[in-house]
Amino acid sequence: MKVLVTGAAGFIGSQTAKALLDRGDQVVGLDNMSDYYDVTLKQGRLKQLAGRNGFAFAKCELADQAAIKALFEQEKFDRVINLAAQAGVRYSLENPHSYVDSNVVGFLNVLEGCRHTNVEHLVYASSSSVYGANTQMPFNVHHTVDHPLSIYAATKKSNELMAHTYSHLFSLPATGLRFFTVYGPWGRPDMSLFLFTKKILAGEPIDVFNNGNHARDFTYIDDIVEGVVRTLDRIAEPDPDWNSDDPDPGTSMAPYRLYNIGNNSPVELMHFIETLEKELGLEAKKNFLPLQPGDVPKTYANIDALRDAVGFTPATTIENGIAAFVAWYRDYYGD
């Protein structure tokens, strides 16, 4: 297949592109190479892909309507994986316009490209953040998600609504994936594992929000990629049992599906930090802080829908995942 992977220089996008190339697909990777975080890290990820048979790279803004339209018309993609986004909950409090540009306008351009070039299947990144103020655990795709707590979460919820509209109006098969706290080698520098590792090695204190009373369904990058690829191969179909008198948010009468991809095993933040300390052989200096605006205290994924659909259950333990990240970090940065 020829697959467009947006956000190809990103954490999940680069590893997904690599997995597709490994199995023989053609991949066009798109990225705007923004400086939201260290561009050299993005360049390092792309080096893993550059020169490989079947890979081409397009530097482009997802919000550039004319450029995205031309790319779709030229390449005639079979399937599309949209992983490009302005990420980060806390940053959305500072720069909300960038989230609308990338995550809403950009996503609309992807939907239009898929619609007008008859793409077989669109798989796109949503987020566990859409569950917002919901505290019913574990989070289930059959729950309603009408109370987002950040602009980032609101844009991801909007992606799900927009995708459903295109599935209904234009019979575009679309699958949304709600990722739960992705971590691992080549991860983003603004995420907790990367930040904690860097500061602990430098002897600097780490910020522990909500006074350490967080729990997260940390999900290892390889498990995320496996879930993305498996769902790409299972084209979304209408749910024959969908009932408009009792609508199920996770399915539809249109070719539309939602899945959680999480480890289905939330980890207490303090245990997460202790595991990292053990792996580094250093104790962290901790700066305990209150819950931050936009944050949720706990995430926990119900993955029954994913397991039933594609037969996959993420299973990497936090101990193995952190060990792999630390090994990569020391090798990459020479620490």
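**Exercise 1. Find how many bridges join strand 6 to strand 11, and place both strands in their sheet.**

*Solution.* Start with the pair itself: strand 6 (residues 174-179) and strand 11 run parallel and are joined by six bridges. Helices (H or I, at least four residues) and strands (E, at least two) are DSSP runs, numbered from the N terminus, and two strands pair if DSSP finds at least two bridges between them. For a residue-level landmark, look at alanine 174, which stands opposite tyrosine 256 in strand 11.

Next, widen the view. Seven strands make up an open sheet with parallel pairing, in the order 3-2-1-4-5-6-11. Its edges are strand 3 (55-59) and strand 11 (256-261), each pairing on one side only. On average, neighbouring strands of this sheet are turned by 20° against each other, direction ignored.

Finally, add the helix. Helix 5 packs on the sheet and touches strand 5, strand 6 and strand 11, and its direction makes about 155° with that of strand 5. Contact means heavy atoms within 4.5 Å; axes are lines fitted to C-alpha atoms, for helices over the stretch in contact, and angles run from 0 to 180 degrees between N-to-C directions.

A word on the model before you go on: it is predicted, local features need pLDDT of at least 70, side-chain atom pairs count only at pLDDT 80 or more, and totals for chains, interfaces and linings use all residues. Residues are numbered from 1 along each chain as its sequence is written, and side-chain values use heavy atoms, with hydrogens and water left out.

**Exercise 2. Check the span of helix 4 (residues 96-116), then describe its bend and its surroundings.**

*Solution.* First, the span: at 1.5 Å a residue, the 21 residues should cover 30 Å, where the expected span is 1.5 Å times one less than the number of residues. The end C-alpha atoms lie 29 Å apart, which agrees.

Second, the bend: helix 4 bends by about 25° at glycine 106, taken as the angle between axes fitted to the seven residues ending there and the seven starting there.

Third, the burial: among the buried residues of helix 4 are Tyr99, Gly106, Phe107, Leu111 and Cys114. Buried means under 20% relative accessible area, exposed over 50%, partly exposed in between (1.4 Å probe, protein chains only). The cover over the buried residues includes helix 3 (65-75), strand 4 (79-82), strand 5 (121-127) and helix 5 (151-170).

Last, step past the end of the helix: asparagine 118, just after helix 4, takes a positive phi of about 55°.

**Exercise 3. Explain why aspartate 22 and lysine 18 are separated by about one helical turn, and find two more pairs with such a spacing.**

*Solution.* The structure holds 14 salt bridges, each a side-chain nitrogen of Lys or Arg within 4 Å of a carboxyl oxygen of Asp or Glu. Aspartate 22 and lysine 18 form one of these (3.5 Å, N to O). Because they are four residues apart in helix 1 (residues 11-22), about one helical turn separates them. An α-helix has 3.6 residues a turn, so residues three or four places apart point the same way. Aspartate 22 is partly exposed at 47%, and lysine 18 is partly exposed at 30%. Both belong to a salt-bridge network with Arg52.

Now the two further pairs:

- Glutamate 73 and lysine 69 meet at 2.8 Å, N to O, and are four residues apart in helix 3.
- Arginine 230 and glutamate 226 meet at 2.7 Å between their closest N and O atoms, and are four residues apart in helix 7 (residues 221-233).
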